[in-house]
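Visitor: I should like to go through this model and ask, term by term, what justifies each description. Please begin once the structure is in view.

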Amino acid sequence: MIRQVIINADDFGLSPGVNQGIIQAYQAGGITSTSMMVNMPGLDHAVSSARLLPDLGIGLHFNLTYGRPVSNPAHVPSLVNPDGSFYKGNNVFVRDISDIAKELEAQWNVFMHTSLSPTHLDSHQLLHQNDPRVYKIMAEKAVRENIPLRRSQIQHLIPDLPAPRMTDTILLDTYEGNEGLHRLLQHFSTLRLGVTEIVCHPGYVDDVLRGISNWLDIREHELEVFVDPEIPRMLRTLEIVPINYKALNDIPDVCSEPSPVPLQPLPRIPTQKKRRFIRQHLSKRRRKANTHRVSHKRIKPPQPSSSRRRRY
């Protein structure tokens, strides 16, 4: 078994600035996949951009926390505030399972009407990991549509739960600050055999995003990381194959059972030659970062923003 990686950028469709960052990271070889929100202001820009990138894998990023539902709010009352906007956060004990199913179907239909084909299902702010009802509805949908579902790090003990196709491992991390690239390259060096998904959130901050999200500067920090040419170079050096979710249909031994997964993958010791190369490479990157820290420039001039939170 070889090592394969899906590098997925969440929140495609959130805003034009986020879309542009994701496209730039894809063209640089830093990501292989993205997942699209269909109820947000950047949808039209995302769709028109995606039509020019036929090899970019695009899944449905099911959303129950940002903006308004695609369904008539009156038809999904357990999901919305009195003004028709989604409840914020993980209201596990509020959402009705029938309303979740209605809204997932509505968002799926919007995606299908774009003429794009979803490669997989995942969720905004780890909804299907934190809410077993969301997980159940999404797992059933993934099996019905014969597409993969993003792996949850939590095992949901639900009777007769369907088993959609998944990656073997998922890595949830952030890549901000001077050590962001270093941390990502370390993840590469310890990937397990099989298929791993690495989740990221690159993007440019624009006025549309400021009106929606508190996750601002970190997106531009991650964009700096995921456009770095060291990513495709290191993948080649370590013989890790970059893929998107379409490839899971061609992998007969990929794990599909919803079993618990460790937060970080178990370490794999590379050969002596590769380990020595990685150590020397990362040391060189740190020295270079320290030498040029004062003159370091961001991809885009910084924008005023509110404080960051760990929710995206």
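Visitor: How many helices and strands does the secondary structure of the protein come to?

Guide: The model, which is predicted, has 10 helices and 7 strands. Of the 312 residues in the protein, 56% are buried. Among contacts with a separation of 6 or more, 76% are between residues 24 or more positions apart.

Visitor: What makes Ala142 count as buried or exposed?

Guide: The term buried requires a relative accessible area under 20%. Ala142 has a relative accessible area of 0%, and is therefore buried. This residue is found in helix H5, and H5 spans residues 132-145. Leaving aside residues up to four places away in sequence, Ala142 touches Leu121, Ile147, Pro148, Leu149 and Pro164. Its C-alpha atom is separated by 9.0 Å from that of Pro162, 20 residues apart along the chain.

Visitor: Why is Ser98 called partly exposed?

Guide: Exposed means over 50% relative accessible area and buried means under 20%, with partly exposed in between. The value for Ser98 is 36%, so the residue is partly exposed. Ser98 is found in helix H3, residues 97-112. Its C-alpha atom lies 9.0 Å from that of Ile137, although the two are 39 residues apart in sequence.

Visitor: How are H3 and H5 oriented to each other, and why is that term used?

Guide: The two helices pack at an angle of about 40°, with their axes 9 Å apart. Angles under 35 degrees would count as roughly parallel, and 65 to 115 as roughly perpendicular. An angle of about 40° falls in neither range, and H3 and H5 are therefore oblique to each other. The crossing of H3 with H5 is right-handed. On the H3 side, the contact is made by Ile97, Ile100, Ala101, Leu104, Glu105 and Trp108. The H5 side contributes Arg133, Val134, Lys136, Ile137, Met138, Lys141, Arg144 and Glu145.

Visitor: What makes H1 and H2 roughly parallel to each other?

Guide: Helix H1 (residues 16-27) and helix H2 (residues 43-50) pack at an angle of about 25°, and their axes are 8 Å apart. The limit for roughly parallel is an angle under 35 degrees, so H1 and H2 qualify as roughly parallel to each other. Their crossing is right-handed. Pro16, Asn19, Gln20 and Ile23 in H1 meet His45, Ala46 and Ser49 in H2.

Visitor: How is H6 oriented to H9, and why?

Guide: H6 and helix H9 (residues 230-237) pack at an angle of about 20°, with their axes 10 Å apart. Set against the limit of 35 degrees, this makes H6 roughly parallel to H9. The crossing of H6 and H9 is right-handed. From H6, Leu181, Leu184, Leu185 and Phe188 meet Glu230, Ile231, Met234 and Leu235 in H9.

Visitor: Why is H6 described as largely enclosed by the rest of the structure?

Guide: The description follows because 8 of the 10 residues of H6 are buried. These are Gly180, Leu181, His182, Leu184, Leu185, His187, Phe188 and Ser189.

Visitor: How many aromatic pairs does the structure hold, and what makes the pair of Tyr175 and Phe226 edge-to-face?

Guide: The structure holds 1 aromatic pair. Tyr175 and Phe226 lie 5.4 Å centre to centre, with 85° between the planes. Ring centres must lie within 6.5 Å to pair, and planes over 60 degrees apart count as edge-to-face; the pair meets both conditions. The pair links distant parts of the chain, 51 residues apart: Tyr175 in the loop between strand S5 (169-172) and helix H6 (180-189), and Phe226 in helix H8 (residues 217-226).

Visitor: Are Tyr175 and Phe226 buried or exposed, and why?

Guide: At 0% relative accessibility, Tyr175 counts as buried. Phe226 is also at 0%, and therefore counts as buried. Besides Tyr175, the residues Phe226 touches include Ile7, Ala25, Ala28, Gly30, Ile31, Leu184, Cys200 and Ile231.

Visitor: Which residues have the most contacts inside the largest nonpolar core?

Guide: They are Ile31, Met36, Leu121, Phe188 and Phe226, in a core of 70 residues. Helix H5 supplies the largest share of this core, 6 residues. A second, separate core of 6 residues includes Ile6, Ile243, Ala247 and Leu248. In soluble globular proteins, nonpolar side chains tend to be buried together.

Methods: Residues are numbered from 1 along each chain as its sequence is written. This is a predicted model: local features need pLDDT of at least 70, side-chain atom pairs count only at pLDDT 80 or more; totals for chains, interfaces and linings use all residues. Side-chain values use heavy atoms; hydrogens and water are left out. A nonpolar core is a set of buried Ala, Val, Leu, Ile, Met, Phe, Trp, Tyr and Cys residues joined through side-chain atoms within 4.5 Å. Buried means under 20% relative accessible area, exposed over 50%, partly exposed in between (1.4 Å probe, protein chains only). Helices (H or I, at least four residues) and strands (E, at least two) are DSSP runs, numbered from the N terminus. Contact means heavy atoms within 4.5 Å. Rings of Phe, Tyr and Trp (its six-membered ring) pair if their centres lie within 6.5 Å; planes under 30 degrees apart count as stacked, over 60 as edge-to-face and the rest as tilted. Axes are lines fitted to C-alpha atoms, for helices over the stretch in contact, and angles run from 0 to 180 degrees between N-to-C directions. Angles under 35 degrees count as roughly parallel, over 145 as roughly antiparallel, 65 to 115 as roughly perpendicular and the rest as oblique. A crossing is left-handed if the near helix is turned anticlockwise from the far one by less than a right angle, and right-handed if clockwise.
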